[in-house]
Amino acid sequence: MKIIDAFWEKRNLGVSAAEAEAEPSDTVKTFLSALERIDACYQVVKIPAGMMELMWAAEDQGFRYIETSVHVTHDLKNINLPSLMERLDKSIQYEPILDAEMENMFENIRKGMFCTDRVSLDPHFEGGQAADRYIGWIKDELGRGSELFKYIYRGMSVGFFALKQVEAGVYYPFLAGIYPEYQKNVFGAVYLYKPLLEAKKRNGRMVSTYISTNNSSAVRMHVQCGFQFREITYVYVRHKQ
């Protein structure tokens with residue numbers, strides 16, 4: 001079992017946090033022993049699909065299931081949109097976000113732009129905490145060399161995507177979305193298509209990212225864009241009073 005001190009969550013959520021990742025070699029005994037060493041207020045356990053005994057053991061220890069995380073990849077060899085989306089794609093452009101535009105992006109996140117992640121859905125947290133977590137995550141990643149791009153539709157900035165290179169030729173669009181006031185527009189899979197184009201433009205060989213099954217529309221659109229589904233991980237949380 002790998003245990004990570006998620007110290008950044010203290011800033012984001014106001015509580016100490018730790019994340020534990022079960023490994024194939026873990027037994028129930030080693031799993032429970034590792035859990036005993038976790039003393040953080042917010043505890044997250046990630047268990048690969050198929051390790052049922054560990055899932056049941058986590059539930060016995062008071063952990064609650066909150067989401068399934070799916071690792072997906074795209075080899076960038078065929079990134080054509082579904083035919084119905086091609087026309088819409090031509091009306092949406094993207095370009096780097098300027099420093100002066102960052103606060104507008106953060107304000108849209110604070111309005112509830114993202115609402116299906118494990119923090120947004122956790123009744124122990126408030127909606128503002130989830131937004132602060134996204135903003136903190138973005139700022140951290142910018143400090144590590146990640147880049148931000150805005151979607152432009154009819155001259156208006158309607159959303160953004162973040163992109164980082166995790167290794168030679170492999171790109172991770174770790175966050176993407178449409179601003180709340182434009183979510184009524186049917187942009188479909190186009191907002192996932194643009195990061196693929198950018199990675200391809202940089203001679204990338206793969207895009208690798210993660211999606212939550214709490215967001216059924218995101219799952220559907222990743223399928224439409226030709227992503228391949230890889231590892232599946234069940235995520236549990238526990239709050240120490």
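**Exercise 1. Decide whether Phe160 is buried or exposed, and then do the same for its ring partner.**

Step 1. In this predicted model, Phe160 has a relative accessible area of 0%, and because buried means under 20%, Phe160 counts as buried.

Step 2. The partner is Tyr179, which has a relative accessibility of 2% and is therefore buried under the cut-off of 20%.

**Exercise 2. Classify the aromatic pair formed by Phe160 and Tyr179, and state which parts of the chain the pair ties together.**

Step 1. A pair of aromatic rings is described by the distance of the centres and the angle of the planes.

Step 2. The structure holds 15 aromatic pairs, and in the pair of Phe160 and Tyr179 the ring centres are 6.5 Å apart while the planes stand at 40°.

Step 3. Planes under 30 degrees apart count as stacked and those over 60 as edge-to-face, so the pair of Phe160 and Tyr179, with its 40°, is tilted.

Step 4. Phe160 belongs to strand 7 (residues 156–167), whereas Tyr179 sits in the loop between strand 8 (170–178) and helix 7 (190–201), so the pair ties together parts that are 19 residues apart in sequence.

**Exercise 3. Carry out the classification for Tyr172 and Tyr210, and find the cluster to which these residues belong.**

Step 1. The rings of Tyr172 and Tyr210 are 6.1 Å apart, centre to centre, with 80° between the planes, and the pair is edge-to-face.

Step 2. Since Tyr172 lies in strand 8 and Tyr210 in strand 9 (residues 206–212), the pair ties together parts that are 38 residues apart in sequence.

Step 3. Tyr172 is buried at a relative accessible area of 18%, whereas Tyr210, at 46%, is partly exposed.

Step 4. One aromatic cluster is formed by Phe114, Tyr134, Trp137, Phe160, Tyr172, Phe174, Tyr179 and Tyr210.

**Exercise 4. Check the span of helix 6 (residues 127–143), and describe what surrounds its buried residues.**

Step 1. Helix 6 has 17 residues and reaches 25 Å from its first C-alpha to its last, which is close to the 24 Å expected at 1.5 Å a residue.

Step 2. The buried residues of helix 6 include Ala130, Arg133, Tyr134 and Glu141, and among the elements that cover its buried residues are helix 1 (8–13), helix 5 (102–110), strand 6 (147–153), strand 7 and strand 8.

Step 3. After helix 6 comes Gly145, whose phi is positive, near 100°.

**Exercise 5. Describe how helix 5 packs against helix 6.**

Step 1. The axes of helix 5 and helix 6 come within 8 Å and cross at roughly 150°, and the crossing is right-handed.

Step 2. From helix 5, Met102, Met105, Phe106, Ile109 and Arg110 meet Ala131, Tyr134, Ile135, Ile138, Lys139 and Leu142 of helix 6.

Step 3. Sorted by class, the residues of this contact between helix 5 and helix 6 are nine nonpolar, no polar and two charged.

**Exercise 6. Explain why helix 7 is described as largely enclosed, and compare its span with the expected value.**

Step 1. Nine of the twelve residues of helix 7 are buried, so helix 7 is largely enclosed by the rest of the structure.

Step 2. Among these buried residues are Tyr191, Tyr193, Lys194, Pro195 and Glu198.

Step 3. The end C-alpha atoms of helix 7 are 17 Å apart, which agrees with the 16 Å that twelve residues should span at 1.5 Å a residue.

Step 4. Helix 7 is followed by Asn203, which has a positive phi, near 65°.

Terms used: Residues numbered from 1 in each chain as written. Predicted model: local features only at pLDDT ≥ 70, side-chain atom pairs only at ≥ 80, totals over all residues. Heavy atoms only, no water. Phe/Tyr/Trp six-rings, centres within 6.5 Å; stacked < 30°, edge-to-face > 60°. Helix = DSSP H or I, 4+ residues; strand = E, 2+ residues; numbered from the N terminus. Buried < 20%, exposed > 50% of the residue type's maximum accessible area, 1.4 Å probe, protein only. Expected span 1.5 Å × (residues − 1). Contact = heavy atoms within 4.5 Å. Axes fitted to C-alpha atoms, helices over the stretch in contact; angles between N-to-C directions. Left-handed = near helix turned anticlockwise from the far one by under 90°. Nonpolar A, V, L, I, M, F, W, Y, C, P; charged D, E, K, R; others polar.
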